[in-house]
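Me: I have a chain open on my screen and would like to talk it through with you. Shall we go through it piece by piece?

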Amino acid sequence: MKPVARLTLVAALFLALPIACKKEKNEPQPNSPIPPMRVEVGHEHTPAERHVYLYAERNPLYEGYNRLWLQIKNANGSLYAGSDVRIVPLMFMMNHTHSCPVEQVSGGPDEQGYYTAAAFFQMPSNDQEPWKVRVYIGGTDSVDIPITVNPHPQGFVRRKMFGGMPFLYELRPAQLAVGSQDVTLYVYRREMSRPMTDPAGFPPANDRVAKVALKTWMPSMGHGAEGTQDATPLPDMPGHYRGKLGFNMTGDWEIYTAFIGTGGDTLGIDTFAVRF
Ligand SMILES: [Cu+2]
């Protein structure tokens with residue numbers, strides 16, 4: 001190596017180092033106590049002339065699990081603080097309308113007037129088939145807030161039949177990098193006895209899925225990696241499963257998932273391809 005080239009390489013390494021550290025610092029951690037960013041995704045007026053603001057962690061939204069916040073202002077500008085607010089996301093498709101898994105608004109707002117909820121959008125919206133978040137306030141007042149739901153960039157939001165029952169799930173690694181990485185799976189199912197316009201028709205899958213067995217594999221080199229742990233249910237977070245993904249080098253990896261039933265049987269399997 002020529003001295004100049006070596007110098008350039010050393011300089012590049014020194015430049016890359018602080019960037020790498022900084023990036024790691026900014027990665028959102030699954031159990032971070034720091035509240036996430038809130039961005040407005042919609043604002044509509046109700047028949048009772050209330051202003052309803054819908055917030056999420058990003059706009060437009062992506063398929064899969066999204067935390068949502070609402071802030072409601074009365075006609076006189078004061079913050080609404082009732083404990084009687086709930087949401088019903090609806091997708092208006094060509095041939096039918098359906099809802100999705102929801103973590104319902106519970107109780108009143110925080111000190112700044114924000115109500116907290118979450119929704120799992122199982123498919124993206126398009127020009128003819130929009131998603132709307134219907135907000136009910138106090139039993140008589142309601143409004144639809146149109147939202148845009150983009151396709152998941154890596155296709156990690158899936159709908160599949162396992163043993164005749166439709167399941168909806170997302171695989172969300174905290175980060176893709178060498179090491180043992182936290183991964184969250186959001187897992188729901190279709191409850192056929194409930195209408196598909198009711199979020200209760202899409203309950204968390206905890207009554208069917210005991211855990212999600214995980215394995216990482218690098219097909220091009222024929223090896224796996226240490227540091228993988230099966231995803232098990234998070235206490236008090238129905239539908240959320242947490243595990244670890246082990247990667248021992250960069251490149252193309254496959255993540256094998258097996259949904260293990262409460263009786264220890266395998267309900268279904270799926271594969272996710274990643275590259276980093
Ligand atoms: Cu749909």
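Me: Thanks for joining me! In which strand does P166 lie?

Reply: Happy to help, and please keep in mind that this is a predicted model. The strand that holds P166 covers residues 165-173. That strand is β13.

Me: Is P166 buried, exposed or partly exposed?

Reply: Let's use the neighbour count: a residue is buried at 20 or more C-beta neighbours within 10 Å and exposed at 12 or fewer. P166 has 15 such neighbours inside 10 Å, so P166 counts as partly exposed.

Me: Which residues is P166 in contact with, leaving aside its neighbours within four places in sequence?

Reply: One partner, R190, is 24 residues away along the chain, and its C-alpha atom is separated from that of P166 by 5.5 Å. With R190 included, the contacts of P166 are R159, M161, R189 and R190.

Me: How many helices and strands does the secondary structure of the protein chain come to?

Reply: A look at the contacts is a friendly way in: among those with a separation of 6 or more, 56% join residues 24 or more positions apart. As for the secondary structure, the tally is one helix and 19 strands.

Me: What is the strand order in the open sheet of five strands?

Reply: Pairing in this sheet is antiparallel. Its edge strands are β1 (39-45) and β7 (102-103), each pairing on one side only. At one end, six bridges join β1 to β2 (residues 51-56), and H45 has H51 as its bridge partner in β2. The full order is β1-β2-β4-β8-β7.

Me: Which strands stand at the edges of the open sheet of four strands, and why is one side of each left without a neighbour?

Reply: The order in this antiparallel sheet is β6-β5-β9-β10. Next to β6, strand β5 (residues 85-92) pairs with it over two bridges in the antiparallel sense, and M91 stands opposite H98 there. The edge strands each have a single partner strand, so one side of each has no neighbour in the sheet; they are β6 (97-98) and β10.

Me: Which residue in the turn of the β9 and β10 hairpin has a positive phi?

Reply: Strands β9 (residues 131-137) and β10 (residues 141-147) pair antiparallel over seven bridges, with Y136 opposite S142. Three residues lie between the two strands, and in that turn the phi of about 65 degrees belongs to G138.

Me: Which residues have the most contacts inside the largest nonpolar core?

Reply: This core has 56 residues. Its largest share, six residues, comes from strand β8 (residues 114-121), and at least three residues come from each of domain 1 (39-150) and domain 2 (157-275). The residues with the most contacts inside the core are L70, L185, V187 and V212.

Me: What is L185 in contact with, leaving aside its neighbours within four places in sequence?

Reply: L185 is listed among the residues with the most contacts inside the core, and so is V212. V212 is also one of its contact partners. The whole set is Y169, E170, L171, V212, A231 and Y241.

Me: Over which residues is the pLDDT below 50?

Reply: For the protein chain, the mean pLDDT is 90, with 87% of the residues reaching 70 or more. The stretch you ask about has three contacts in the model beyond near neighbours in sequence. Its pLDDT is below 50 over residues 1-29.

Conventions. Residues numbered from 1 in each chain as written. Predicted model: local features only at pLDDT ≥ 70, side-chain atom pairs only at ≥ 80, totals over all residues. Pairing = 2+ DSSP bridges. Contact = placed C-beta atoms within 7 Å. Core = buried A, V, L, I, M, F, W, Y, C linked by C-beta atoms within 7 Å. Domains from an automatic or database assignment. pLDDT = per-residue confidence, 0-100.
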